[in-house]
Structure formats: C-alpha cells, structure tokens
Amino acid sequence: MTMKPPKAGTFLLAPALTALRPVILSPIALSMLAPGAHAAGLALRDGDATSTANAYVGGVSRAGDAATVSLNPAGLSLLPSSEFYGNVFYIDPTARFSGRNRGADGRPTPGSTGGGNIDPSGSGGSFGAWKVTDRLAIGLGVTVPYGVRMNYPTDWVGRYQSLVTHVSDYDLTLAASYRLTPKLSIGLGPRMDFLTGRFTRALNLASVNLASVNLASGPIPGNSVADISGNGFAFGYVAGMLYMPDSRTRIGVAYHSRMGIALSGRTQLAAAPVLAQIPFVRAAFAEAGGHVSGQITLPDSVDFGVTRAVTDRLSVSLQGEWTHWSLLSELNFTTDHPGGASTSFAVNWRDTWFGGIAGTYRLTPAVTLRGGFSYDQSASADAATRITQAPDSDRYTLAGGVEYTPLPRLSLELSYAHLFTPAAPIDATSAPEAGTLTGTYHDSANVVALGSHLRF
C-alpha cells in the first residue's frame, strides 16, 4: 500500500464522515437500550437474594423483608421490625452468535462469529426499613435495575453493527408505607435514576471517498472505530397497595412510573492504524467527533400477585407483570457538530408480560427453602427488531435457595437461578453501511446471590 498526498478537491473524507454522522450516532441510542442477559428489554431483575431464589416471583405480595421498599412499598408497614438487607450477585451470561453479515452489495463481511460475547459481572442491592410506629414505616433501596457488558471480537462479522456495549444503571428509592386498616396498607415514594453507557463499533468506510489514498493493494487493515459514551439522570416514583382478606393471604399491586432521561454524550472517532498515520485523516476523524444529546424513556410497569400460606410451613406466590416497552418506538438525538442534524432511530419494541409461581417452605425454625419458575417475554417481537447490542429472547427461569437464621436477628441467604432461552434469530441492520446480520443467538445465564438480613 502506498499513500499519496491529498490533491485539491479530491480528498472527501471529512465531509463523507460528516454525512455518515447519523450512522455513527445510532449506537448511542442502542447502547442506552442494551439489556441485561437475563430479563426482557433493559431489565436486570436481581435486586435481592429472596427474589432470585423465587425466580423473581412474589415480591409484590410477600412483604417479608426490606426489599419491599423497591418491589411494593406498601409492605414496609407490615414488617415486624426495622431491618437492613444487603445483597451481592454474580451474573454469568452467554450470548453466542452463529451466522453471517452481508454488506449493501450482497457480499459477506469477512471475520469470525465470535465467542461468548458477553462478560460475567457483579451487582448488588441494599435496602433499609425503619418502623416509625405500628402503622407507619419508611424505607430506602439502592438497586442496579439495568446493565450489560457486551464485548465482541474486533474481527467479528457484525463489527459494523457493534463491538462493545457497557451500560450501568443505578436506582435510589425512598418510600413510606401506612397501614390504613388491619387489612389494607399503602405505600408511595420517589425514585432517582442515573444511567450511563459506552458503545463502540467499527466504521465501514467503503462508501467514503478516499481518492487521495492509493488502496490498490486491498482493504484497509484494522478497524476505524466510533466510541460513544453518555449518561443521564431522571426522577420517577413507585406506589403500591397490599390487601389481606384473611390472616393467610396477601394480595399486592405495585406501579413503577416511567422516567424520561435527558442523555448527554460524546462521540470520538479513531482511524485504523494505517489511516491514522496520515495527518489530514487524523484531523478529519477528530473533526467528526463531538457532543450529542437525546432523550430516552424508561417504561412504566404494573405488578400484581398473591401470596398464600397454605400451611404453617408452606406458602405459595403467584405474580404477573406488564411492562410498557412500546414507549421506545423511536429515539431522537441531536449533535452540536456544525453540519449535524437531528437523527431519529426506530426501536420498535413491544409491551411485555412476565409471570410465574414460587414456593417457600420452613424446614426448621432456622432453615427456610425457596424455589420458583417464571417466564419473561422478549421485548423484540421478531428477528427484524432484534439488535446485536440486545440479543433479547424469551426467558424461562428455574431457581432455588436456602435461608439460614443462626440468630434471631440475623439471617443469611444463598440463591441460584438458571435462565433458559430458545434460539433467537436476527435479521437486522443498524444502518445501510453496517450491512445486514443474519443468524441466531443462543443465550443463557447463571446467577448466584448472597444476602444478609440484620433486624433491629
């Protein structure tokens, strides 16, 4: 490969990159939508070890620990004492792809299909509940409701769709609960949410005019990469109700509001090593970067369920949930680049349903066993709406756990959940320059949770 100096009127890399800016911007929209490996849409359901052991079923109606501040705040006033509840999680997901990517000209993109593609990660959740009176209680919850760590190989066939997607979300919930009557409790409180993400993808420069560079020896080796990071902050609220028709039955309903997050981010472009040696190429890539801003709405959801004490030792929970994912029909972003413009991206997710059954059995006064099974519907309706940053699929969760109480005011929990998913086909593109990715994802996840209750 030889490189020639630019000739007047022939070097069009800078304006071409500016023209491609809407394509470069699209990843920030998708990076903010990247979900965890074990829940529909954006959601990570692991907030407390009890919920993990019960396959995420029963939290809206059990009112058994301080995690109810986030699950259904009405349960706070039913707790027998004040409590601190801490949890840590190890999440080991997989998202293996098999298939190919074809460019706009129909030619296959060379490269590998990748390995596991998604990294193991840790998470946590902490909750506190304080009994003010027999009827009034307040609580605080800190959770990580959304997150993902996707890392594709740099030579992956879908590298023009995505390479790295790192998303983390942190939620702080404050709530109060009041027991109106012996049978009815209510709860309400604000939520504060901070969302941050980073996304990288390789740039397909085949459509960019490089007339000033002699590439007769073949394609440019290495990747030119767009690196986008962004974050945002929002407020919402959670409200709930618990009704007890008798001493053995609790019926719960909870509503988590939608939250509109104003996103602020920045795009940085890095040329492939060969191109980066050319000063005017480096300048063109630097000039094409800049600040972007946008808006994303995290959906509202409604949970409803019942917990019934079948015997003095055995209780059973049923739960359903509806999530308003169709709010994310499209996202709009703008840039402060002199030649930039507003850009709109279709998401086309659908509303989803979750449901399951769980059981709790008190084996001895010190040992309690838990288990559950649940189904979580995918927000991606079909192969055309599935994206590489979020190879979402329907999920089936089978879980179990044990709680040990060595002291009256101290309990320890160990929980495990395995998530099964059917094959998830994909036939989609993030932009014409990225080509069309066709194939199948095979997803699964293992979750281990440790929890500790301290009552006072």
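Buried here means under 20% relative accessible area, exposed means over 50%, and partly exposed is in between (1.4 Å probe, protein chains only). You have a predicted model open, where local features need pLDDT of at least 70 and side-chain atom pairs count only at pLDDT 80 or more, while totals for chains, interfaces and linings use all residues. Residues are numbered from 1 along each chain as its sequence is written, and side-chain values use heavy atoms, leaving out hydrogens and water.

**Stop one: Thr388.** Select Thr388 in the loop between β18 (367-376) and β19 (395-407); strands are DSSP runs of E, at least two residues, numbered from the N terminus. Thr388 counts as buried because its relative accessible area is 3%. Now show Ser162: its side chain and that of Thr388 share a polar contact of 2.8 Å. (That is a pair of N or O atoms within 3.5 Å, one able to donate a hydrogen and the other to accept it; residues adjacent in sequence count only if both atoms are side-chain atoms.) Contacts, meaning heavy atoms within 4.5 Å, also link Thr388 to residues including Met150, Trp156 and Tyr441.

**Stop two: Ser317.** Jump to Ser317 in strand β14 (residues 314-323). Ser317 is buried too, at 9% relative accessible area. Which side chain does Ser317 meet in a polar contact of 2.8 Å? Pick Thr307 to see that partner. Then add Val306: its C-alpha is 5.6 Å from that of Ser317, though the two are 11 residues apart along the chain. Among the other residues touching Ser317 are Val57, Gly58 and Ile357.

**Last stop: Val88.** Finish on Val88 in strand β2, which is partly exposed, with a relative accessible area of 47%.

Definitions and conventions: Helix = DSSP H or I, 4+ residues; strand = E, 2+ residues; numbered from the N terminus. Lists of a residue's contacts leave out its neighbours within four places in sequence.
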